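Subject: Structure handover

Hello,

The structure we talked about is below, followed by notes on what was found in it. Please read them with the structure open.

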Amino acid sequence: MTADTRDDVVLDIQGLRTHFTTDDTVVRAVDGVDLAVRRGGTLCVVGESGCGKSAMARSVLQLVERPGRVVDGKVLLHPDGGGGEPVDLAALHPTGREIRSVRGREVAMVFQEPMASLSLVHTVGNQIGESLRLHRGLSRKEARARSVDLLERVRVPGAERVVDSYPFQLSGGMCQRVMIAMALACGPRVLIADEPTTALDVTTQAQILDLFADLRRDTGMGLLFITHDMGVVAEIADEVAVMYLGTVVEQGPVDEIFHDPRHPYTRALLEAVPRIGASRSHRLPTIRGTIPDPGDQPTGCVFRTRCPDAVEGLCDTTVPPVTVPGPGRRVRCLLDEGPAPATASGGGDTVPTGKETVDAD
Ligand SMILES: Nc1ncnc2c1ncn2[C@@H]1O[C@H](COP(=O)(O)OP(=O)(O)OP(=O)(O)O)[C@@H](O)[C@H]1O
Ligand SMILES: [Mg+2]
């Protein structure tokens with residue numbers, strides 16, 4: 001399935017599969033994912049812990065750790081301006097020169113665990129400056145000055161002092177901001193941010209989200225943002241993809257996902273969000289059961305073991321195809337009832353005439 005053919009797509013992930021293979025199991029962490037990030041747009045990826053968000057994000061830049069491996073699919077990085085052939089990042093050698101020239105310069109990543117990604121033996125300034133010297137040819141002095149500037153942009157207090165500090169001298173939230181500064185250093189066309197603001201207080205988080213919004217508007221940077229926080233999704237997303245057990249079960253424009261969720265899993269995630277004003281005696285609904293072991297996936301629909309609506313003889317035997325209930329929307333549920341009611345936020349795509357199906361893979 002082609003994720004999107006519109007010419008504002010900068011990163012087009014098609015049929016991506018990433019497996020962790022050991023002697024006796026194959027964990028299908030990413031199992032046929034199609035996603036598109038647009039120039040100047042934000043795609044938020046949500047889903048419970050273990051559903052494959054980080055594995056998907058790391059696969060884009062071929063940074064999956066052993067025994068993980070991208071086993072199928074394409075990751076097309078389109079050139080600026082829409083002309084020319086895209087480069088398939090999934091086809092490049094994981095340690096080769098080509099992918100290394102893309103990492104940090106064209107596609108940058110903020111990792112989920114900042115301390116695992118920062119070197120403890122190099123100063124913050126040297127780590128931010130490294131890619132500026134490598135990719136932009138800046139001198140040591142110029143790179144240091146630019147590092148201070150970047151630290152100020154990500155709201156690190158005392159940037160002149162912090163630039164000469166080592167990561168172990170900084171708080172977790174400060175390290176997270178250093179990671180963001182590193183990722184933004186070379187002005188990437190795509191930023192992949194994996195839970196980038198979880199260790200930050202709400203004020204700093206809001207400032208970082210504003211910074212991302214400015215960069216998207218001013219430079220056309222596309223943002224692939226992974227989060228558990230539906231409040232953040234509501235604030236920054238243009239589009240949302242909901243992942244479950246290695247697959248995208250629903251995706252579409254943010255307003256429609258919030259106001260007309262089609263997949264039972266999306267509905268359950270939204271119902272589990274606390275609301276101000278709700279009675280304290282009201283217990284938040286939880287999604288029953290736990291995510292199955294990705295090394296032992298259910299037959300049929302991946303969500304059926306936890307789905308309140310699952311139909312025996314259907315959901316356990318048939319893999320749901322992708323259906324298109326409305327413009328820009330995709331759902332994988334056998335029980336979805338077809339086109340969405342008309343909404344004001346349509347725009348762009350051809351409005352489907354009925355319950356259309358798209359090649360699943
Ligand atoms: N090195 C590894 N070896 C084996 N399995 C792995 C490895 N790394 C991840 N996995 C498995 O891949 C699946 C997806 O993990 P991933 O880290 O992508 O989840 P996630 O959605 O990012 O979760 P979280 O929200 O907790 O960050 C999980 O079942 C995990 O156990
Ligand atoms: Mg993760």
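Which residues of helix α11 are buried? In this helix, which covers residues 264-271, they are Pro 264, Tyr 265, Thr 266 and Leu 269. The elements they pack against are three strands and a helix: β3 (42-46), β9 (239-244), β10 (247-253) and α10 (254-259). Please keep in mind throughout that this is a predicted model.

The chain as a whole

The chain is built from 13 strands and 11 helices. It has 361 residues, and 43% of them count as buried. Taking the contacts with a separation of 6 or more, 62% are between residues 24 or more positions apart.

The four-stranded sheet

One sheet is open and has 4 strands, in the order β2-β1-β4-β5, with antiparallel pairing. Its edge strands, β2 and β5 (87-88), each pair on one side only. Between β1 and β4 there are 8 bridges, again in the antiparallel sense. One of the paired positions is Leu 11, whose bridge partner in β4 is Leu 77. Leu 77 also has a bridge partner in β5, namely Val 87. Strand β4 (residues 68-77) and β5 are joined by 2 bridges and run antiparallel. Helix α1 lies across three strands, β1 (9-21), β2 and β4, and its direction makes an angle of about 115 degrees with β1.

Around ligand 1

There are 16 residues around ligand 1, and those that come nearest are Ala 29, Ser 49, Lys 53, Ser 54 and Ala 55. Two elements give two or more residues each to this shell: β2 (26-38) and α1 (53-60). The largest share is that of α1, with 3 residues. By class, the shell has 7 polar, 7 nonpolar and 2 charged residues. Both of these elements have already appeared above: β2 as an edge strand of the sheet, and α1 as the helix lying across β1, β2 and β4.

Helices α4 and α5

At what angle do α4 and α5 pack? The angle between α4 (residues 124-136) and α5 (residues 140-153) is about 115 degrees, and their axes are 9 Å apart. Their crossing is right-handed. On the α4 side, the residues that meet α5 are Gly 125, Ile 128, Gly 129, Leu 132 and Arg 133. On the α5 side, Ala 143, Arg 144, Arg 146, Ser 147 and Leu 150 take part. This contact is made up of 4 nonpolar, 3 polar and 3 charged residues.

Leu 170

This residue is found in the loop between α6 (159-162) and α7 (172-184). Why does Leu 170 count as partly exposed? The reason is its neighbour count: Leu 170 has 19 C-beta neighbours inside 10 Å, whereas a buried residue needs 20 or more. Leaving aside residues up to four places away in sequence, Leu 170 touches Val 162, Ser 165, Cys 175 and Val 178. Leu 170 also lies 9.8 Å from Val 124, C-alpha to C-alpha, with the two residues 46 apart in sequence.

Regards

How values were computed: Residues are numbered from 1 along each chain as its sequence is written. Chains are lettered from A and ligands numbered from 1 in the order in which they are written. This is a predicted model: local features need pLDDT of at least 70, side-chain atom pairs count only at pLDDT 80 or more; totals for chains, interfaces and linings use all residues. A residue is near a molecule or strand if its C-beta atom, placed from the backbone, lies within 6 Å of it. Ala, Val, Leu, Ile, Met, Phe, Trp, Tyr, Cys and Pro count as nonpolar, Asp, Glu, Lys and Arg as charged, and the others, Gly among them, as polar. A residue is buried if 20 or more other C-beta atoms lie within 10 Å of its own, exposed if 12 or fewer, and partly exposed in between; C-beta atoms are placed from the backbone. Two residues are in contact if their C-beta atoms, placed from the backbone, lie within 7 Å. Axes are lines fitted to C-alpha atoms, for helices over the stretch in contact, and angles run from 0 to 180 degrees between N-to-C directions. A crossing is left-handed if the near helix is turned anticlockwise from the far one by less than a right angle, and right-handed if clockwise. Two strands pair if DSSP finds at least two bridges between them.
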